[in-house]
Amino acid sequence: MKTYTNVFDLGDLKQALAEAFEIKRERYKYEALGRHRTCLLIFFNNSLRTRLSTQKAARNLGMDVIVLDVNQGAWKLETERGVVMDGDKSEHLLEAIPVMASYCDLIGVRSFARFESREDDYTEKILNQFIQYSGKPVFSMEAATGHPLQAFADLITIEEYKRTQRPKVVLTWAPHPKALPQAVPNSFADFMNEAEVDFVITHPEGYELDPKFVRGARVEYDQRKAFEGADFIYAKNWACPGVTRPEDYGKVLCRDRSWTVDSEHMSWTNNACFMHCLPVRRNMIVTDDVIEAPTSLVIPEAANREISATVVLKRMLQALQD
Ligand code: CP
């Protein structure tokens, strides 16, 4: 595996899940793979889970880890070519990438959507420059339009907790005071469309996700209808993806708190498990009682981030040996 940005990079999902459960049973089985290898984790944005779980995964595999917070202590980076750099940005990404790459064997990048240009975000301008100019295997730690380490952890969690062979999984939009990227719902849809689940997406009108990720999934605008018979409820906010009205890209179009997942919503389901990638705004996205209920999987889901990252980094290390 040379890059990890979407579900297709994993290939056969059954095989990927088998590797995940192997790692879960024997976390240090591949400790020798990363000897004398260095994993560089570059953060353009904040993180708790990704920062910790990916470091742990790299160490499970015997790697050294370097973490760089670009906005804390590094030179401010220019990302646009052709700019006259007479402002506050001292270094260009086009020099910084090969320099950083010279110190490591694998690179993880976190770079959120900026909401300045839908085209820049949806072409993954920052992540793709790392892929193009680093000469090293690159994995997404949440980019502008995808969060595949999270979605793989979500899939592992669903596989662990499912009660039927083909559970009904519902991705629901929920309100939030700020404009959030579509990376998590996009990748969740990307994975669920390839998994053995009945997948439904529900959101207010105007929040249609990009067709590249929705593919054949059922989209149901009536949240109650979507929840009926669900085995898993996956809540997430996202700002307008600008699919039907590009001028609305990145806007908050709806603040309707009736979309907040509460115990009444959960009563419409088949005693569903509740999921969210975290961090979560309580009583905006989900009420206290739902997130604290025994059916809430948010903690095991976050714990599985170590497992998904270990599988991905293991495959990248194995590819370096080939
Ligand atoms: N779910 C997730 O990626 O969490 P962080 O933003 O804290 O890394």
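**What surrounds the ligand**

Student: What makes the pair formed by Cys277 and the ligand a polar contact?

Tutor: In this predicted model, a backbone N or O atom of Cys277 lies 3.1 Å from a nitrogen atom of the ligand, and a polar contact is a pair of N or O atoms within 3.5 Å, so this pair counts as one. An oxygen atom of the ligand is 2.7 Å from a polar backbone atom of Leu48, and a polar side-chain atom of His147 lies 2.8 Å from an oxygen atom of the ligand. The protein covers 93% of the 250 Å² of accessible area that the ligand has on its own (Shrake-Rupley method, 1.4 Å probe).

Student: How do you know which rules stand behind these values?

Tutor: Residues are numbered from 1 along each chain as its sequence is written. Local features need pLDDT of at least 70 and side-chain atom pairs 80 or more, totals for chains, interfaces and linings use all residues, and side-chain values use heavy atoms, without hydrogens and water.

Student: Why is the ligand said to lie between two domains?

Tutor: Domain 1 (3-146 + 305-321) and domain 2 (150-301) both give residues to its shell, so the ligand lies between them; the bounds come from an automatic or database domain assignment. Among the surrounding residues are Ser47, Arg110, Gln150 and Arg305, each with a heavy atom within 4 Å of the ligand.

Student: What makes the space taken by the ligand a pocket, and how does it rank?

Tutor: On a 1 Å grid over the protein atoms alone, a pocket is an open set of points with protein on both sides within 12 Å along at least five of seven lines, and lining residues have an atom within 4 Å of a point. The ligand's space is the largest pocket, about 490 Å³ in volume. Of its 25 lining residues, those closest to the centre are Arg110, Phe112, Glu142, Leu278 and Pro279.

Methods. Polar contact = N/O pair within 3.5 Å; in protein donor to acceptor, adjacent residues only side chain to side chain. 1 Å grid on protein atoms, 1.4 Å probe; cavity = no way out; pocket = protein on both sides within 12 Å on 5 of 7 lines; lining within 4 Å. Sits in = over half its atoms within 2 Å of the grid points. Points joined across faces, edges and corners; volume = space filled by probe spheres on them.
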